[in-house]
Structures are given as structure tokens and as C-alpha cells.
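Q: Please take a close look at the place where the ligand sits. Which residues are around the ligand, and which atoms lie close to its own?

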Amino acid sequence: MSLTLHYHPLSSFCWKVLIALYENDVPFTPNLVDLTDPAERAALLKLSPIGRFPVLQDHARNQVVPESSVIIDYLDRHYRGRTRFIPDDADSARQTRLRDRFYDLYVHLPMQRIIGDRLRPVDRKDPHGVAEARAQIRSSYRIIDGQMASGGWAMGEEFSLADCSAAPPLFYANMVTPFDDEHRSLRAYFERLKARPSFARVMKEAEPYFKLVPMES
Ligand SMILES: N[C@@H](CCC(=O)N[C@@H](CS)C(=O)NCC(=O)O)C(=O)O
């Protein structure tokens, strides 16, 4: 098989890429990386010096592709299927990439900060950083609620890169900073995401690992 995805089934940035792969039934070999295992960490670092997953390896094209958004862009070019992730039209492509940045920077990273803090030793917690992250997530929820008022997907009628970016951090963010009741459009959008077969499959496959997610601060 041409593609190997180096990943972990609980990693939200890996979910983003898994959604894209499942959308188009792209065949790939999953390689679950245990970063606590020095040999597996070293192997990942050899592929990508930042040492984070996801990393996609394309053996047929002799390419190593890190970074979830870049991987999805790569799949859209070289393993194209019925779901197009980035539109051909330049302005629509820019808007889609902007929405992808919004979800990564203003939902995903603050969510990671809150969950990361739960894994810190008790004497190394960062309550101020966590409060800032929560405030950012709440402000992002308000923005998303407005964006999604007319229903549909993040960029309108077509499922895109922006939806791959939205689903994983909304799942985890809702666990650590629950959606407000009045954010009806955000809630409805998240329900549509959960019902999308690609994301439903990702969540189902992650279920056996959920016990590893730190539920308390
Ligand atoms: N900007 C990267 C972020 C990747 C990332 O943060 N991955 C996390 C898992 S969700 C990771 O590898 N964490 C392991 C570590 O930091 O040691 C992307 O979009 O792929």
C-alpha cells in the first residue's frame, strides 16, 4: 500500500486526517505510534523532526508529509476522491484555508492547552493559561454559532477541509468547556458532524482508548 499514516487514535490532529482519508475511502496502512516508547518516538523524529503526529508517508511518491492541513491538501491533490477538500476557485480556497486556520488556532490549540494542563503534575499547573484558553474557546463558540446560523457545512453546501478541522477540536472542546445552551447553531452543526460517516467511524475506532483521556483537572 502506498500510504502509511503515523498516528495515534486519540490524537485530535490525527482525527482530522483520518476524516479526510475515510471521506474518500483512500487505502492506507495505519501505524499507531506510542510516544512513550523511545524507539517509536525516535522513528517518528526521524521522519519529522518536530516529533508530532500525524505524519503521512507516501511510499509510491517517496514523500513524507507532516502537518494535518498540509496532509489534507496533499491528499486532495494526489489521492483525489468524491469529497474535494479545497475548492479550485482561488477565493473559495483562501476562505476554506482561513476557516481551517480559525479552527486550528482558536479552538484546537486552546483545547489542547486545557487537556495538556490536566496531564501536568499538581505543582506545575497553569490556571491562568487554562482560563485564557477557556475564554478563547467561548469566544470561538460565539463566532461559530454565528457562522453556522444558516446550517450546512463550515463553508456552505460542500463538506471541506474546514469540516475536517472543526470536528475533532469541537468534540474535545465540548468535553472541557461545554457548548452553551443558546448556541443552537453550533450544537446543530456538531450533531451533523457526528452523523457524518467519516467522523462517526473515527470516533468509533477511538472508543477503546477514551479511558486514557484525562477527564478531571
Ligand atoms: N500543527 C500540527 C499539530 C500536531 C499535534 O499537535 N499533534 C499532537 C497530537 S494531537 C502530538 O503529536 N502530540 C505529541 C507531543 O506533543 O509529544 C498538525 O496540524 O498536525
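A: The ligand takes up the space of the largest pocket (on a 1 Å grid over the protein atoms alone, an open set of points with protein on both sides within 12 Å along at least five of seven lines; a molecule sits there if more than half of its atoms lie within 2 Å of the grid points). This is a predicted model, in which local features need pLDDT of at least 70 and side-chain atom pairs count only at pLDDT 80 or more, while totals for chains, interfaces and linings use all residues. Residues are numbered from 1 along each chain as its sequence is written, and side-chain values use heavy atoms, with hydrogens and water left out.

Around the ligand, with a heavy atom within 4 Å of it, are Ser11, Ser12, Phe13, Leu35, Arg52, Phe53, Pro54, Glu67, Ser68 and Gln112. By class, this shell comprises 4 nonpolar, 4 polar and 2 charged residues (Ala, Val, Leu, Ile, Met, Phe, Trp, Tyr, Cys and Pro count as nonpolar, Asp, Glu, Lys and Arg as charged, and the others, Gly among them, as polar).

Polar contacts are pairs of N or O atoms within 3.5 Å. In one of them, a side-chain N or O atom of Glu67 lies 2.7 Å from a nitrogen atom of the ligand. A nitrogen atom of the ligand is also 2.8 Å from a backbone N or O atom of Phe53. For Gln112, a side-chain N or O atom is 3.3 Å from an oxygen atom of the ligand. The protein buries 78% of the 510 Å² that the ligand exposes when taken alone (Shrake-Rupley method, 1.4 Å probe).

Key:
Polar contact = N/O pair within 3.5 Å; in protein donor to acceptor, adjacent residues only side chain to side chain. 1 Å grid on protein atoms, 1.4 Å probe; cavity = no way out; pocket = protein on both sides within 12 Å on 5 of 7 lines; lining within 4 Å.
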